Protein chains: 2
Amino acid sequence: MRFTSEQRLDGGVLEREFTLGEIPGILWTPASASAPAPLILLGHPGGLHKIRPRLVARARHSAEHGFASATIELPGSGDRPRSAVAEQARADVRRAVEAGEPVDEEIVDRLILPLVEKAVPEWQAALDALLSLPEIGGPVGYSGGVIAIGVRLAVVEPRISAAVLFAGSFVPRATFEEARQVTIPLHVLLQWDDEGNDRQAALDLFDAFGTKEKTLHANLGGHTGVPQFEGDPAAQFFTRHLS
Amino acid sequence: MRFTSEQRLDGGVLEREFTLGEIPGILWTPASASAPAPLILLGHPGGLHKIRPRLVARARHSAEHGFASATIELPGSGDRPRSAVAEQARADVRRAVEAGEPVDEEIVDRLILPLVEKAVPEWQAALDALLSLPEIGGPVGYSGGVIAIGVRLAVVEPRISAAVLFAGSFVPRATFEEARQVTIPLHVLLQWDDEGNDRQAALDLFDAFGTKEKTLHANLGGHTGVPQFEGDPAAQFFTRHLS
């Protein structure tokens, strides 16, 4: 991991860009950290530049609760090389949505499963690097982003102790099966009127999670309309499980 | 309204029992109230004696956020005269549940609709009396209890500005229609594995509410297992809308 830039944000949060091999990433650490800070991995839909203002807002909010935050670019997004398979699947999704048709399970599998296969080891490598920094301690939480990536990480990465998942992306069939293996506490956000999201699939996925502590917070509104007041229960969830 | 007893609880909350005609009730006011306190009406399933410890816990939590709380006994519960119709419906519910059969919509209507018809004017009369006390101001919230009572109050009582509803009781068919007329902000709690509750009906009811701001918080566990951490988002909801 190589740091490539460093700046203090208003309020004192330290923001550092880094690269991990070819993968760009960003680390935010709280202004005053006397002890190593617990870490939250910030998931996102891909495209760090575009999503950055929202990531910074989430990182600031986490820092107020004493958490460091970090993210890396997804495979095939932002400045990273495109995948022909994913681009084809994306075009197929667009075509279905524009035609007002449901998006075929087979297309979802082609879009999401290779992404999960590639992204998850990268987040694990980022975790190795981040946890070697003296200012970062455990435990680790995962928050948001492509839900299939969050589910896979929750199953395969024992260093992740709790996850806030956003039920706002396509769910491959295999992810419902994987969900049964999740045993860490989950806090799931659902936008009730999310245009691109199948509400029943989101509720079925919530039902499928094998964990003993799971909470669903659903709010009226579209994909990007998660109300600001949902930030506090999510932070309190991480405080309960990562502090 | 006639006060019949008065005591200070640990922490300073003033607890006063009262009667409103034949109806017993309890009022809790915060220890230090410089201005008239906003009021939360505490709904419950009926039977003040049995439910009292949980009501006191809710009233204390509300007092910490500056709210007064009040409740009255439901018709046909506690020391109030039984209704033959409701007792018959209750027996029919028991028979269905013991036989492992779904509870017929017609039985639910017989159990709940007369209760709503009788209880709602009583809560409104209690509100008249409570709001005439100098230590109680507006605005008013409603919290918990039989959901069909909460829905009717939200529709017919303009002094109620926000409601926390508990999706844990039978929902008569007519309540789904009434739900569309609700326009105040709602915060709905659902226990995902509530034995006596139809989860799909609860989700359908949430979907039906006509209000622009509605939030559903669902947690794993049975009817009485609402996690303690859900107290804070509910209090924050009332703080946003009643303060």
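User: In which strand of chain B is the place of Pro139(B)?
Analyst: Welcome to this predicted model! The peptide bond that runs from Gly138(B) to Pro139(B) is cis, and its omega is near -15°. Most peptide bonds are trans. As for its place, Pro139(B) lies within residues 136-144 of chain B, which form strand β6.

User: What is omega for the peptide bond that joins Gly138(A) and Pro139(A)?
Analyst: In chain A, Pro139(A) is found in strand β6. The bond joining Gly138(A) and Pro139(A) is a cis peptide bond. Its omega is about -20°.

User: How many helices and strands does chain A have?
Analyst: Happily, this can be read straight from the model. One of the strands is β6, the home of Pro139(A), and one of the helices is α7, made of residues 231-242. In total, chain A has seven helices and nine strands.

User: Why does the radius of gyration of chain A agree with a compact globule?
Analyst: The C-alpha trace of chain A spans about 55 × 40 × 30 Å along its principal axes. Chain A has 243 residues, and a compact globule with that number would have a radius of gyration near 18 Å. The value for chain A agrees with this, because it is 17 Å.

User: What percentage of the residues in chain A are buried?
Analyst: A residue counts as buried when its relative accessible area is under 20%. Among contacts in chain A with a separation of 6 or more, 67% are between residues 24 or more positions apart. Of the 243 residues in chain A, the buried ones make up 55%.

User: How much of the accessible surface of chain A belongs to carbon and sulfur atoms?
Analyst: Let's look at the outside of the chain. The accessible surface of chain A comes to about 10,500 Å². The part that belongs to carbon and sulfur atoms is 53%.

User: How far apart are the mean positions of the positive and negative charges of chain A?
Analyst: Chain A has 23 positive and 32 negative charges. Taking the mean position of each group gives two points to compare. Those points are 3 Å apart.

User: Which residue of chain B has the C-alpha nearest the axis?
Analyst: Chain B is superposed on chain A by a rotation of 180° with 0.0 Å of shift along the axis, at an RMSD of 0.0 Å. The two copies are therefore related as by a two-fold rotation axis. In chain B, the C-alpha nearest that axis is 2.3 Å from it and belongs to His217(B).

User: What percentage of the interface residues of chain B are also interface residues in chain A?
Analyst: The copies meet through the same surface. That follows because the share of interface residues of chain B that are also interface residues in chain A is 100%.

User: Which residues of helix α4 of chain A are buried?
Analyst: Helix α4 of chain A covers residues 147-156, and eight of its ten residues are buried, so the helix is largely enclosed by the rest of the structure. Its cover includes α3, β6, β7, α5 and α6 of chain A. The buried residues are Ile147(A), Ala148(A), Ile149(A), Gly150(A), Val151(A), Arg152(A), Leu153(A) and Ala154(A).

User: Is Glu122(B) buried or exposed?
Analyst: Glu122(B) is found in helix α3, residues 105-131 of chain B. Leaving out residues up to four places away in sequence, Glu122(B) touches Leu20(B), Ile23(B), Ile72(B), Glu73(B), Pro75(B) and Arg80(B). Its relative accessibility is 11%, so Glu122(B) counts as buried.

User: How far apart in space are Ala129(B) and Met1(B), C-alpha to C-alpha?
Analyst: Ala129(B) also has its place in helix α3 of chain B, and it is buried at a relative accessible area of 14%. Beyond residues up to four places away in sequence, Ala129(B) touches Met1(B) and Leu20(B). Although Ala129(B) and Met1(B) are 128 residues apart in sequence, their C-alpha atoms are separated in space by 6.3 Å.

User: What is the relative accessible area of Phe238(A)?
Analyst: Phe238(A) is found in helix α7 of chain A. Setting aside neighbours within four places in sequence, its contacts include Ile40(A), Phe67(A), Tyr142(A) and Val164(A). Phe238(A) is buried, and its relative accessible area is 4%.

User: In which helix of chain B is Ala208(B) found?
Analyst: Ala208(B) is buried, with a relative accessible area of 8%. Residues that Ala208(B) touches, not counting those up to four places away in sequence, are Phe176(B), Ala179(B), Arg180(B) and Lys214(B). Within chain B, Ala208(B) belongs to residues 199-208, which form helix α6.

How values were computed. Residues numbered from 1 in each chain as written. Chains lettered and ligands numbered in written order. Predicted model: local features only at pLDDT ≥ 70, side-chain atom pairs only at ≥ 80, totals over all residues. Heavy atoms only, no water. Helix = DSSP H or I, 4+ residues; strand = E, 2+ residues; numbered from the N terminus. Rg over C-alpha atoms; globule rule 2.2 N^0.38 Å. Buried < 20%, exposed > 50% of the residue type's maximum accessible area, 1.4 Å probe, protein only. Contact = heavy atoms within 4.5 Å. Areas by Shrake-Rupley, 256 points an atom, 1.4 Å probe, with all protein chains shown as cover. Lys, Arg positive; Asp, Glu negative; His and termini not counted. Charge placed at Lys NZ, Arg CZ, Asp CG, Glu CD. Least-squares fit on C-alpha atoms with pLDDT ≥ 70 in both.
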